[in-house]
Amino acid sequence: MEALGLSLLFGGGFGLLLQRSRFCFFCVTRDFIDARDARGLLGILAALAIGTLGYHLVFGLFLPDPGTGRLPPDAHIGPVSWVLALAAFVFGVGMSLSGSCISAHLYRLGEGALASLIALVGVLIGFGVGFATWNSLYLAGIDQAPVLWLPGLIGYGGSATVQLLGLALIAAVLMRWHQPRQTSNQSTMSFAQALLRQRWPTYVGGLLIGALAVMAYLRVAPLGVTAELGSIARTAGDQFGLLPQRLQGLDSFSGCATAVKNAILSQNGAFISALVLAAFASALIAGDFSAQRVSVGKALGQLSGGILMGWGAMTALGCTVGTLLSGIMAAAVSGWVFAVFCLLGLWLSWRIKRRVVRSLA
Amino acid sequence: MISVSTTARRFGAALALSLTAGLAQANSDVLVSTDWLAGELDRDDLRVIEVSVNPGQFERGHIPGAVNLRWHTDLVDTVSRDIVSQENFQALLREAGINNDTDIVLYGDTNNWFAAWGAWIFEIYGVDNVRLLDGGRNKWEAEGRALSPRQTNYAAGDITVAAADNSIRAFLPDVVDVARRDDPSTQLVDIRSAAEYEGRIIAPDGVAELAVRAGHIPSAVNVSWGQAVNEDGTFKSADELRALYADAGVDGSQPVITYCRIGERSSHTWFALSKILGYDVKNYDGSWTEYGNSVGVPVTNLAGTVWGGQ
């Protein structure tokens with residue numbers, strides 16, 4: 001019960017932070033590709049840096065000696081294989097088709113974006129496809145793949161140093177490419193307005209999300225938004241007899257595990273319900289809430305993008321939150337691999353999509 | 001004046017009563033109460049050990065000073081299906097700072113199933129100053145007692161454990177002898193659910209270890225483990241336990257073998273029968289995952305299912 005209450009709190013906090021600081025992996029990447037505006041991506045790096053520090057602090061508590069070959073409990077450290085790279089790439093393509101990653105669709109839902117509902121339906125379908133292809137992919141590439149954890153290789157000090165240096169290097173490159181722009185003069189704004197009406201800078205959300213991620217890992221589980229969606233898909237598929245009888249090895253991996261549902265309100269279910277509700281409350285106060293109509297073309301993009309993301313998130317054992325954020329903070333090589341290939345998929349598909357749209361115009 | 005002295009006398013009597021009750025619980029050779037343990041945690045010659053099923057639980061909070069033993073890697077042999085070897089077990093205990101004269105208290109989640117399984121392994125290796133925290137982790141948590149996420153490192157201990165004493169462990173041939181009535185003197189207690197016992201299902205939902213056949217070992221009686229505990233997870237009194245098993249025809253006059261699916265819940269019943277009641281009991285750790293998969297052994301299946309529970 002305690003874990004359920006905390007999941008509600010953490011989910012609410014996460015939803016509020018996502019909504020307030022527009023912490024949307026796709027939007028901030030697009031800002032950079034289209035306008036060389038790196039502020040959003042730097043906000044994600046801020047979350048990863050704080051999360052890395054906090055996770056290493058907690059790891060020392062959970063597993064004093066990282067060199068025993070054991071992994072810290074529950075941390076999202078997954079197998080590193082070509083399947084992970086492929087799944088991350090497909091996830092990236094899905095993001096640009098549907099215009100958001102899964103966590104951003106959840107907070108957008110709170111802002112009244114009905115289109116996000118269509119994307120989430122796509123995600124459920126994608127999860128179903130993921131379950132159908134899991135057994136072949138598991139034997140083809142996952143079961144023999146190494147589960148690489150930096151502290152296991154170079155200790156906690158080495159791992160934290162390498163991670164922070166890596167993040168600093170990426171930040172330096174981004175800042176070099178960043179094209180500063182004139183921002184409106186905000187000195188006339190009251191504190192209440194800045195807090196409740198205006199979007200927060202992404203780095204503010206990022207720093208707080210980094211802290212929230214550590215608290216969530218310490219008390220309940222790493223941040224992740226797809227376990228519940230996966231459980232719904234798995235339970236539904238199970239009911240209709242659409243799933244393979246046995247999903248090989250799936251339940252033995254740490255990640256956004258997707259168990260067949262046995263309780264109406266699971267921890268992750270509480271987490272994402274609170275996320276959507278908090279985003280709704282926050283959007284309402286800020287005046288960001290508006291029920292948006294959906295055109296047929298947009299709906300198709302949402303659905304197909306959702307399916308690709310669902311398949312990618314199932315196969316990669318998590319999405320941009322569960323595998324990228326929670327994985328990199330945990331110093332899992334799988335988190336970094338996901339980040340690289342997801343960005344690659346997003347960038348390529350976004351360029352193609354823009355070219356197609358331009359040629360049609 | 002009279003009322004004051006009466007109150008004082010009543011108070012004194014209540015105090016004496018609670019002290020005796022406390023001592024009675026604390027003085028049990030096999031069980032300790034949460035109350036007692038909470039007051040003894042500072043002792044250097046006491047080691048508290050958690051043996052739980054769910055990963056991540058010990059790390060997020062355990063009884064202060066406790067050491068974690070992982071049943072599925074620390075307490076089993078990693079090559080053959082067997083309990084941990086004498087050598088590895090001794091190394092494990094020394095690492096936990098345990099000496100020959102250290103008092104050991106075991107506790108765990110899910111009603112002490114694996115803690116009782118641990119107690120059975122300690123007994124096999126002749127470590128006898130071992131007691132179980134009555135009610136286990138659930139009761140400790142329910143009472144709002146302190147938990148700590150900090151792990152304690154102890155200076156290595158020097159305990160020497162004896163060679164395995166298999167007189168409290170049953171193997172497949174022992175059980176088959178009972179099933180074929182070659183050994184009519186031994187009684188079998190199946191502690192699984194009635195549905196498993198009757199052969200209506202092979203195993204509870206969601207477990208990976210299964211058997212080809214469903215049902216139970218011929219002649220076994222069914223007393224599910226849950227009947228041995230009170231609402232708060234503590235063991236029922238010795239008298240209640242004696243009556244419970246006597247109702248099923250198990251009165252301690254004959255040797256007993258307990259089993260379940262993988263041998264952990266049956267350790268809980270082994271503990272009740274052997275440690276609390278003092279009966280002659282063996283735990284069959286191969287249990288249904290071995291017996292129900294074995295070729296050429298008789299199975300009693302009340303549900304009439306044959307292959308794969310169909």
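Me: Leaving aside its neighbours within four places in sequence, with which residues is D77(B) in contact?
Reply: This is a predicted model, in which local features need pLDDT of at least 70, side-chain atom pairs count only at pLDDT 80 or more, and totals for chains, interfaces and linings use all residues. Residues are numbered from 1 along each chain as its sequence is written, while chains are lettered from A and ligands numbered from 1 in the order in which they are written. Two residues are in contact if their C-beta atoms, placed from the backbone, lie within 7 Å. Outside the excluded neighbours, the contacts of D77(B) are D82(B), I83(B), V84(B) and S85(B).

Me: Is D77(B) buried or exposed?
Reply: A residue is buried if 20 or more other C-beta atoms, placed from the backbone, lie within 10 Å of its own, exposed if 12 or fewer, and partly exposed in between. Because D77(B) has 11 C-beta neighbours inside 10 Å, it counts as exposed.

Me: What distance separates the C-alpha atoms of D77(B) and N88(B)?
Reply: D77(B) and N88(B) are 11 residues apart along the chain. Their C-alpha atoms are separated by 8.7 Å.

Me: How many residues of domain 1 of chain B are in contact with domain 2 of chain B?
Reply: Chain B is divided into domain 1 (2-164) and domain 2 (167-291), with bounds from an automatic or database domain assignment. The partner side, in domain 2 of chain B, has 17 residues. The side of domain 1 of chain B has 19 residues.
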